[in-house]
There are 2 protein chains.
Amino acid sequence: MNDKLAEMAELLKLLGDRTRLAILGLLQERDLCVGDIVELLGTSQPNASQHLRKLKSAGLVKETKRGQWVFYSLNLDDFPDLKIFLSQLPGRKERLRSLSILGKRS
Amino acid sequence: MNDKLAEMAELLKLLGDRTRLAILGLLQERDLCVGDIVELLGTSQPNASQHLRKLKSAGLVKETKRGQWVFYSLNLDDFPDLKIFLSQLPGRKERLRSLSILGKRS
DNA sequence: TTCGTATATAACGATATAATAATTTATACC
DNA sequence: GGTATAAATTATTATATCGTTATATACGAA
């Protein structure tokens, strides 16, 4: 079909959410399991999980199961422009440092 | 305030609409009055008008009154990244050609 | 197998959004 | 003034979205 515009709008709408932007920003630093994301964002587990599902449906992230954890990582090969954009997201380093302090996993 | 993330999300949400993306794409070619936009998009006048208001509120477009017409133009000086992005919108040239054929204004 | 942890899914409610229809305001022309 | 055109505003409806609560599934350890 020819509705490239609608397709672009859909992607932008997906990005137009504070929580999802925050998740993408965090994943840019390192892969994270859902629990880490929940803790870093200070949101509920189902909320994070549902946002992750949407990001995955769009192909922006991919999941990898490791034991009982599900790790998510960025999957931006199909979205080269997004890489540049996401690198401008603020506040990533700071929050990830706090994760290290907690030291849940080396 | 520090919620740059929310700010970015809001802008992306604004862009995440097919109609608004189309308007921005059209305005990239030339300034247009509301009636032209209505015709080019094939939508209703109030619909176009309301989307234009949102774009104006965000500072993405500005309006200029000329007689009984209100012309809108892009105002992306505060959004340098958007210029590059918008230049990738599809289907602009084609639809504007059809406007020229109609020849409502030289 | 039973228990605890990690994640996903489902159901629900509140709010937001987009489109339409109806009305109003503003301007030009006679 | 009166009429026609251009655009904005208001009200309404339908749908989408986000977050929560509750429940289900998956996996590992004892």
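Trainee: What makes the two copies, chain A and chain B, related as by a two-fold rotation axis?

Mentor: This is a predicted model. In the model, a rotation of 180° with 0.0 Å of shift along its axis superposes chain A on chain B, with an RMSD of 0.0 Å. The two copies are therefore related as by a two-fold rotation axis.

Trainee: Which residue of chain A comes closest to the rotation axis?

Mentor: Lys13(A) does, with its C-alpha at 2.5 Å.

Trainee: How do you know that the same surface serves both copies?

Mentor: Look at the contact residues of chain A: 100% of them recur in chain B.

Trainee: How many residues does the contact take from each chain?

Mentor: It takes 16 residues from chain A and 16 residues from chain B. On the side of chain A that touches chain B, α1 (4-15) and α2 (18-29) each supply at least two residues. The largest share, eight residues, comes from α1(A). That side divides into ten nonpolar, two polar and four charged residues.

Trainee: What makes Ile23(A) count as in contact with Leu55(A)?

Mentor: The cut-off is a distance: C-beta atoms within 7 Å. Ile23(A) meets it with Leu55(A), and also with Ile37(A), His51(A) and Leu52(A), leaving aside neighbours within four places in sequence.

Trainee: Where does Ile23(A) stand in the largest nonpolar core?

Mentor: Ile23(A) is one of the residues with the most contacts inside that core of 40 residues. The others are Leu27(A), Ile23(B) and Leu27(B).

Trainee: Why is Ile37(A) called buried?

Mentor: A buried residue has 20 or more other C-beta atoms within 10 Å of its own. Ile37(A) is among the buried residues of α3(A), together with Asp36(A) and Leu40(A).

Trainee: How do you know that the buried residues of α3(A) line one face of the helix?

Mentor: Look down the axis of α3(A). Its buried residues fall within an arc of 100°, so they line one face.

Trainee: What comes just after α3(A)?

Mentor: Gly42(A), which takes a positive phi of about 65°.

Trainee: What makes a residue count as near DNA strand C?

Mentor: Its C-beta atom must lie within 6 Å of the strand. In this model, 22 residues surround DNA strand C. The closest are Cys33(A), Gly35(A), Pro46(A), Ser49(A) and Pro46(B).

Trainee: Which element gives the largest share of that surface?

Mentor: α4(A) does, with six residues. Elements supplying at least two residues each include α3 (34-41) of chain A and α4 (45-57) of chain B. The surface near DNA strand C divides into seven nonpolar, eleven polar and four charged residues.

How values were computed: Residues are numbered from 1 along each chain as its sequence is written. Chains are lettered from A and ligands numbered from 1 in the order in which they are written. This is a predicted model: local features need pLDDT of at least 70, side-chain atom pairs count only at pLDDT 80 or more; totals for chains, interfaces and linings use all residues. Helices (H or I, at least four residues) and strands (E, at least two) are DSSP runs, numbered from the N terminus. Ala, Val, Leu, Ile, Met, Phe, Trp, Tyr, Cys and Pro count as nonpolar, Asp, Glu, Lys and Arg as charged, and the others, Gly among them, as polar. A nonpolar core is a set of buried Ala, Val, Leu, Ile, Met, Phe, Trp, Tyr and Cys residues joined through C-beta atoms within 7 Å. A residue is buried if 20 or more other C-beta atoms lie within 10 Å of its own, exposed if 12 or fewer, and partly exposed in between; C-beta atoms are placed from the backbone. Two residues are in contact if their C-beta atoms, placed from the backbone, lie within 7 Å. Copies are superposed by least squares on the C-alpha atoms of residues with pLDDT of at least 70 in both. The arc is that of the directions from the helix axis to the C-beta atoms.
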